[in-house]
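Take a moment with the sequence and the model. The question to keep in mind is how the chains meet.

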There are 2 protein chains.
Amino acid sequence: MPLYHAPTADFQFLLKDWLGLDAHYQKLGIGDFDSELASEIIAQGAKFALDVVAPLNREGDEEGCHLENGSVTTPKGFADAYQEYVANGWNAMLGSADYDGQDLPYTMAVPVHEMLNAANLSWRLTTMLTESAVLAVTKHASDDLKNKYLAKLISGEWTGTMNLTEPHAGTDLSLLNTKAEPQDDGSYKITGNKIFITAGDQDWSSNIVHLVLARLPDAPKGVKGISLFLVPKFLLDDNNEPGEANQVSVGSIEHKMGIKASPTCVMNFDEATGWLVGEENKGLACMFTMMNDARFQVGLQGLGAAEASYQGALTYARERVQSRAPQGVQNPDGKADPIVFQPDVARMLLTQKSQIEGARALSLFYAKFMDIEKLGTEEEKVHADKVLQFLTPICKAYMTDMGLETTSLGVQVFGGHGFIREWGMEQLMRDVRIAMLYEGTNGIQALDLIGRKLTRDGGDMLNATYQAFNELVEAMTDNDNKALAQGLLDDWRASSADCLGMDATTAASAACDYLAYTAYSLIGVLWFSMADTAAQSDNTVIATAKQKTRDFYIDRILPRRDAHKVAYSAGAESTLAIAASEFDYL
Amino acid sequence: MPLYHAPTADFQFLLKDWLGLDAHYQKLGIGDFDSELASEIIAQGAKFALDVVAPLNREGDEEGCHLENGSVTTPKGFADAYQEYVANGWNAMLGSADYDGQDLPYTMAVPVHEMLNAANLSWRLTTMLTESAVLAVTKHASDDLKNKYLAKLISGEWTGTMNLTEPHAGTDLSLLNTKAEPQDDGSYKITGNKIFITAGDQDWSSNIVHLVLARLPDAPKGVKGISLFLVPKFLLDDNNEPGEANQVSVGSIEHKMGIKASPTCVMNFDEATGWLVGEENKGLACMFTMMNDARFQVGLQGLGAAEASYQGALTYARERVQSRAPQGVQNPDGKADPIVFQPDVARMLLTQKSQIEGARALSLFYAKFMDIEKLGTEEEKVHADKVLQFLTPICKAYMTDMGLETTSLGVQVFGGHGFIREWGMEQLMRDVRIAMLYEGTNGIQALDLIGRKLTRDGGDMLNATYQAFNELVEAMTDNDNKALAQGLLDDWRASSADCLGMDATTAASAACDYLAYTAYSLIGVLWFSMADTAAQSDNTVIATAKQKTRDFYIDRILPRRDAHKVAYSAGAESTLAIAASEFDYL
């Protein structure tokens, strides 16, 4: 497979020109950061992703992970790459400076995360979950736990995991029954089985910090009786170094469709010692504080895989010579033309490109609001939180659905060669397929959007999101395109407002189509906005190609919006008319 | 994974009630066949698919194929299953009675083929290609070659392969350069390398008959200089039994995303002895006579995998208990309800079901016209051939695109478990992905539809296809639905006629969206027709569920039609505006 290269010019355009990064940092009072530093960090991140992580991707898929004598081994080179990542400070990008983190803006870290996902999804996953653990511990753990664990999680000396799912409790965590027994010393004995635990064990770090959902003895039933516990692989000794092994073991590792180089573990807790994080019975709320971030990060996995696939397909389409282009001979010295000139291949490439660049804009727009939520005024924080809450399920579901569509198109551009493992195109499709499933399936994201985010406080988050996008529209300079963007945005708000009165059943039936309708609409607005900015870019290819890609998106992708609207507007009747017994004709 | 079961009741409804199989056979003068015999054959085929072939599917994927000392070994049990298939006469279903075939109608064989695909795509593939070889030899080979090879290919004692693709010549066969040197004895020496040769070697049969495209020494350039040759693995001795080994060898076998139990071989021909099939330089035409059938068969692979995935998802959705359904408690004795009651899960299941049953109807409608093309009057044959030519790219591309969409939905219904290999849901998705690529990529199908089938003779095939579907509409009894079906069909014809004047570049840009527009339209017509017939069915579940599924299709799937129409109507400009160098911003 052609080697992945960093989409540096697009990052630079989006951050500096489109989002106005320098003014953004000034406004947030972090004027020591600027777009030049962002470029430097992205360049260094690109170097790490390309030189260290990407070369391990194919072999990692072939080798997979192994469980022997209770310990997991990851593929050759993976642990070394992690040590280098930690040594170079990448793990600490977003961590609090109070615990030796770098407190970088999200607008600097998100491009690096996209590139790591593009380079090697399996490898990236472990560090992503450690970041989630850092968030949970930072926001909810006691000072004692923070002092013992946080700096090492931020540096990456130790990694973190999330232990939620049990065999009978996935989407419905109210059913979980892992138990936590309080001990006299303030600790708890945790007993239960968890499945689908990413990096539940590995050979990268000297300790692993498991965050585990469990029930206290007299806890209320359902989700209101779930608490969060910190359960280390090795208990800390008097020097706060890993000492005695805790009663935590790996039951097995899963054999999966993709992300084979990431160990997905069945974890057994057998009176393992743990400590409460946050309040009793508020464990789910603790998990939800980091859910925005984790779900957004999974969306970025879709984007990263999509970009890698697009690059592979584009390189191949430029090199593969086959048939003549119908618009005329392009390669007179050869017997045939490169397939990039075939209109149907151009259609596939632009279906990738227009959605990838749209999703990248969405991800950096999201990152900007994460910066604001962290550093803005109180009022700005409240606004940013609403925007982020609304956009989170859209980023997660749309960007991963798009990830599957575009990686499949990448295979298609290669023809039969796309199906052969050595080219790597099929691996991207297998790897990214998980992203539609974990951190809440895409159906759950859609229910979250239409059932909670859209309707809460009479459409308050909807209005905040409208406002955020409307600012982009108002800043546009071309009046014709501005009017089109405004129309698109206003249509979307009006249609969304119409959904506020839906009953729960109708909303559940409409959910996925409403989410897709929303995603195509908002990315349409982003395309008008990007193209408007690009017209002034110094990069002449960006100046023209962004506008051409907008045209393609409007012509060929945006029409999906209406199909989804018609579909969700049909109501629940035809979806629920069939009785469970009527689905087949036995 | 839950075991596959045969969709017998649906076959019976579609063949007997909907297509009127008994009258169809009477009209064709084969009144000794009837719907009762069809049911019996389908029941026996189901038994073979379920009992013999399906149990090998998961293990075959894990074990894969091996090449040692130049010979391919397929997974355990595969060869035995093939012997049983041959012994029971299944391979000979469609073969001519002149060569000991059974001359069964396609309307009987197609359901059996769908079930074999559903049970084990890898296993089925070899027999499918043998059927293609039988067609080519039957239609084009000399009597001498027929007498030597045809009966054994029909029985399955020997298998057949298709050798078209070369490393630099896939879609564009004009570039191929395998050479054929005429010998004094009337044979030819074939030299060249072919790739992606399904079952190029295996451990199933005592001989393998390769059909190979190659160029004669003074052949014209391009596709008009390609001839077809029959090249056996073992040359026949004086008793027409396999004797001396031919100069044919396997260079390697491919490591693939799916269909891992089917050996995909690199074949080397090194002055191998072969014989001309058909006329010199008419090889491509010979291949095209079987293309309809082979492409349709690949469409059936999409359908089979989709059905298997749907069955798995449905079983899981009925058993998996998680959360309460928003429309009310469904399982008062449990803590949660089966997820089949969740509206979004019902949406996914019905997205599968409505497209699968629509595609099955399309496949049997197609099979009916294959019967007519074989046995009808001359006039009927001409008409049937037009309908088949038009529908072939639609069956191939739509049914395989649908295969990927629905197998991915099957994974999605399983949540995280769908990604784990042991459930088998992810294998279906990996296996079916190839069907969008081989026998001409789906993009090539779309170009064939819009560039050749639609426009030839001023829309002659379009009109024949319209007529065929219009007969279904005219036979409907419910006037309201009949009017809707008529509107849908007439709209489609009018839009299609508008495409007749497109230039080649615009048509190429529109191709895939036009094909999808056509498929969703025509399957909509089939749904109105099926539901109309079903209202009179003795099977009470079919009587009601077909109408409910039609409603879902019209509400939730058919809106895609308009999105594809808007997309293809946009013209080629935005697709071709970007120069090859402008696709990225380096």
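What follows walks through the symmetry of the pair and then the contact between the chains.

This is a predicted model. Start with how the two chains are placed. A turn of 180 degrees lays chain B on chain A, with a shift of 0.0 Å along the axis. The RMSD of that fit is 0.0 Å. The two copies are therefore related as by a two-fold rotation axis. Look for Ala563(B): in chain B, its C-alpha is the one nearest the axis, at 2.9 Å.

Now turn to the contact itself. Chain A gives 101 residues to it, and chain B gives 100. Of the interface residues of chain B, 100% are also interface residues in chain A, so the copies meet through the same surface.

How much area do the chains bury between them? The figure is about 8,400 Å², with 62% of it on carbon and sulfur atoms. In chain B, the residues that lose the most area to chain A are Phe419(B), Phe583(B) and Tyr585(B). Together they make up 12% of what that side buries.

Polar and charged links also join the chains. Between chain B and chain A there are 52 residue pairs in polar contact. Six salt bridges are counted between the two chains. One of them pairs Asp513(A) with Arg556(B). Their closest N and O atoms lie 2.8 Å apart.

Which helix supplies the largest share of chain B's side? Helix α18 of chain B, residues 540–557, does so with 11 residues. By class, the side of chain B that touches chain A holds 47 nonpolar, 26 polar and 27 charged residues.

Terms used:
Residues are numbered from 1 along each chain as its sequence is written. Chains are lettered from A and ligands numbered from 1 in the order in which they are written. This is a predicted model: local features need pLDDT of at least 70, side-chain atom pairs count only at pLDDT 80 or more; totals for chains, interfaces and linings use all residues. Side-chain values use heavy atoms; hydrogens and water are left out. Contact means heavy atoms within 4.5 Å. Buried area is the accessible area (1.4 Å probe) that two parts lose on being put together, summed over both. A salt bridge is a side-chain nitrogen of Lys or Arg within 4 Å of a carboxyl oxygen of Asp or Glu. A polar contact is a pair of N or O atoms within 3.5 Å; within protein, one must be able to donate a hydrogen and the other to accept it, and residues adjacent in sequence count only if both atoms are side-chain atoms. Helices (H or I, at least four residues) and strands (E, at least two) are DSSP runs, numbered from the N terminus. Ala, Val, Leu, Ile, Met, Phe, Trp, Tyr, Cys and Pro count as nonpolar, Asp, Glu, Lys and Arg as charged, and the others, Gly among them, as polar. Copies are superposed by least squares on the C-alpha atoms of residues with pLDDT of at least 70 in both.
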